[in-house]
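User: I should like to go through the assignments in this model and hear the grounds for each.

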Amino acid sequence: MTTSTRPWGQRTPADTKHDIELGDRFAPLLDGGLIPAIVTDRHTREILMFAWMNEEALERTLTSGYAHFWSRSRNKLWQKGEESGNRLAVRGIHTDCDQDVLEVEVEIEGDGVACHTGARSCFYREVEIDPTAPRPFALKRRNLAR
Ligand SMILES: [Zn+2]
């Protein structure tokens, strides 16, 4: 195995749970080459979107200051907002206890919306649970902060 030039630590079999959970080394687990990235609004803490990052997307996000992702459907790297102008300026990156999920804290540029539908957040609908309704799990639009 060659030494990685990536700007973060590679996981090795020698890493202990203690190292990963309590150490100061950023060693994210890219399971199958991908890590889930939850994008949140820096000011409201609202969840804006979810996407996957591969190693290159993570590296570009870390070095450019703008969120990049890996599209599984298009099989390509993309920068969020490269066409719409609604780029995501990274203000912080967090990882969870076992370092297999990222939270990317952003400020949205352009129109200030994160979703391609024009909604501020991709999570603009709620599954309404009503066992007595003809459709017990209907989708309802949520009121989100703007
Ligand atoms: Zn969306």
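User: Which residue in β6 stands opposite Ala89?

Analyst: In this predicted model, Glu107 is the residue of β6 that faces Ala89.

User: Why are strands β5 and β6 called paired?

Analyst: Pairing requires at least two bridges between two strands. Strand β5 (residues 88-95) and strand β6 (residues 102-108) have 7 bridges, in the antiparallel sense, and therefore count as paired. Their hairpin has 6 residues between the strands, and Gln99 takes a positive phi near 60° there.

User: What makes Val106 and Leu88 a contact?

Analyst: A contact requires C-beta atoms within 7 Å. Val106 meets this criterion with Leu88, and also with Val39, Asp41, Arg42, Ala67, Ala89, Val90 and Arg91, leaving aside neighbours within four places in sequence.

User: Why is Val106 called buried?

Analyst: Val106 is among the residues with the most contacts inside the largest nonpolar core, together with Ala37, Val39, Met53, Ala67 and Phe69. Members of such a core are buried by definition, so Val106 has 20 or more other C-beta atoms within 10 Å of its own.

User: Which elements supply at least two residues of this core each?

Analyst: They are β1 (35-41), β2 (47-53), α2 (55-64), β3 (68-71) and β6. The largest share of the 17 residues comes from β2, with 4 residues.

User: What is the overall pattern of the protein along its sequence?

Analyst: The pattern reads α-β-β-α-β-β-β-β-β-β, with 2 helices and 8 strands. Buried residues make up 18% of the 146 residues.

Conventions. Residues numbered from 1 in each chain as written. Predicted model: local features only at pLDDT ≥ 70, side-chain atom pairs only at ≥ 80, totals over all residues. Core = buried A, V, L, I, M, F, W, Y, C linked by C-beta atoms within 7 Å. Buried ≥ 20, exposed ≤ 12 C-beta atoms within 10 Å, placed from the backbone. Contact = placed C-beta atoms within 7 Å.
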